[in-house]
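Here is a walk through one protein structure, taken a step at a time. Keep the sequence and the 3D view side by side while reading.

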Amino acid sequence: MSSNTTKPIIIYPNNGDTYNPETKTWVTNPHAKTFAELTPKWLKAGARIIGGCCRTTPNDIKQVADAI
């Protein structure tokens with residue numbers, strides 16, 4: 001994407017859990033990769049702003065900061 005725009009690429013992921021709209025509950029994904037594992041891939045793909053969405057914790061954001 002970054003080669004097709006001059007705008008910054010923004011990554012706004014959730015923590016890998018899945019929302020079940022029928023039960024209106026979150027299901028934990030024990031196999032989800034950590035933000036520490038994913039941040040280098042996001043940066044390599046052109047991300048310049050990385051945040052967090054659903055069920056992201058302060059520790060997830062710390063992992064991003066530490067990876068950068």
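The protein contains two helices and four strands. Their order along the sequence is β-β-β-α-β-α. The coordinates are those of a predicted model.

Some overall values come next. The C-alpha trace spans about 40 × 25 × 20 Å along its principal axes. The protein has 68 residues, and 24% of them count as buried. The exposed area is about 5100 Å², with carbon and sulfur atoms supplying 57% of it. If one takes the contacts between residues at least 6 apart in sequence, 61% of them join residues at least 24 apart. As for charge, there are 8 positive and 5 negative side chains, and the centres of these two sets lie 9 Å apart.

The helices are a convenient place to begin. Helix α1 covers residues 35-44, and Phe35, Thr39 and Trp42 are buried in it. These residues lie on the same side of α1, because they cover an arc of only 70° around the axis. The spacing follows a general rule. An α-helix has 3.6 residues a turn, so residues three or four places apart point the same way.

What lies over that side of the helix? The cover of the buried residues of α1 includes strand β1 (9-11), strand β4 (47-50) and helix α2 (58-67).

Pro40 also belongs to helix α1. Its relative accessible area is 44%, so Pro40 is partly exposed. Pro40 and Lys7 are 33 residues apart along the chain, and 20 Å separates their C-alpha atoms. After α1 comes Gly46, which has a positive phi near 110°.

Helix α2 can be read in a similar way. Which of its residues are buried, and which are exposed? Asp60, Gln63 and Val64 are buried in α2. Seen down the helix axis, the buried residues of α2 fall within an arc of 100°, and therefore they line one face of the helix. Pro58, Ala65 and Asp66 are exposed on the other side of α2. The buried residues of α2 pack against α1 and β4. The relation with α1 appears from the other helix as well, since α2 is among the elements that cover the buried residues of α1.

Charged side chains are the next topic. Side chains of opposite charge can pair when their charged atoms come close. How many salt bridges does a search of the whole structure find? The search finds two.

One of them joins Asp17 and Arg55, whose closest N and O atoms are 2.8 Å apart. Asp17 sits in the loop between β1 and β2 (18-20), while Arg55 sits in the loop between β4 and α2, so this pair ties together parts that are 38 residues apart in sequence. The two partners can also be described by their accessibility. Asp17 has a relative accessibility of 8% and so counts as buried. Arg55, with a relative accessible area of 37%, is partly exposed.

The other salt bridge is formed by the side chains of Lys62 and Asp66, at 2.7 Å from N to O. Lys62 and Asp66 are four residues apart in helix α2, so about one helical turn separates them. Lys62 has a relative accessible area of 45%, so this residue is partly exposed. Asp66 has a relative accessibility of 55% and so counts as exposed. This agrees with the place of Asp66 among the exposed residues of α2.

The backbone has some points to look at in the loops. Which residue in the loop between β2 and β3 (25-27) should be examined? Lys24 lies in that loop. Although Lys24 is not a glycine, its phi is positive, at about 55°. The relative accessible area of Lys24 is 64%, so the residue is exposed.

Arg55 comes up again here. It is not a glycine either, yet Arg55 has a positive phi of about 65°. Arg55 lies in the loop between β4 and α2, and this residue is also the partner of Asp17 in a salt bridge.

To retrace the path in the 3D view, start at the buried residues Phe35, Thr39 and Trp42 of α1, then turn to Asp60, Gln63 and Val64 of α2. From there, go on to the salt bridge between Asp17 and Arg55 and the salt bridge between Lys62 and Asp66.

Definitions and conventions:
Residues numbered from 1 in each chain as written. Predicted model: local features only at pLDDT ≥ 70, side-chain atom pairs only at ≥ 80, totals over all residues. Heavy atoms only, no water. Buried < 20%, exposed > 50% of the residue type's maximum accessible area, 1.4 Å probe, protein only. Contact = heavy atoms within 4.5 Å. Areas by Shrake-Rupley, 256 points an atom, 1.4 Å probe, with all protein chains shown as cover. Lys, Arg positive; Asp, Glu negative; His and termini not counted. Charge placed at Lys NZ, Arg CZ, Asp CG, Glu CD. Arc of directions from axis to C-beta. Salt bridge = Lys/Arg side-chain N within 4 Å of Asp/Glu carboxyl O.
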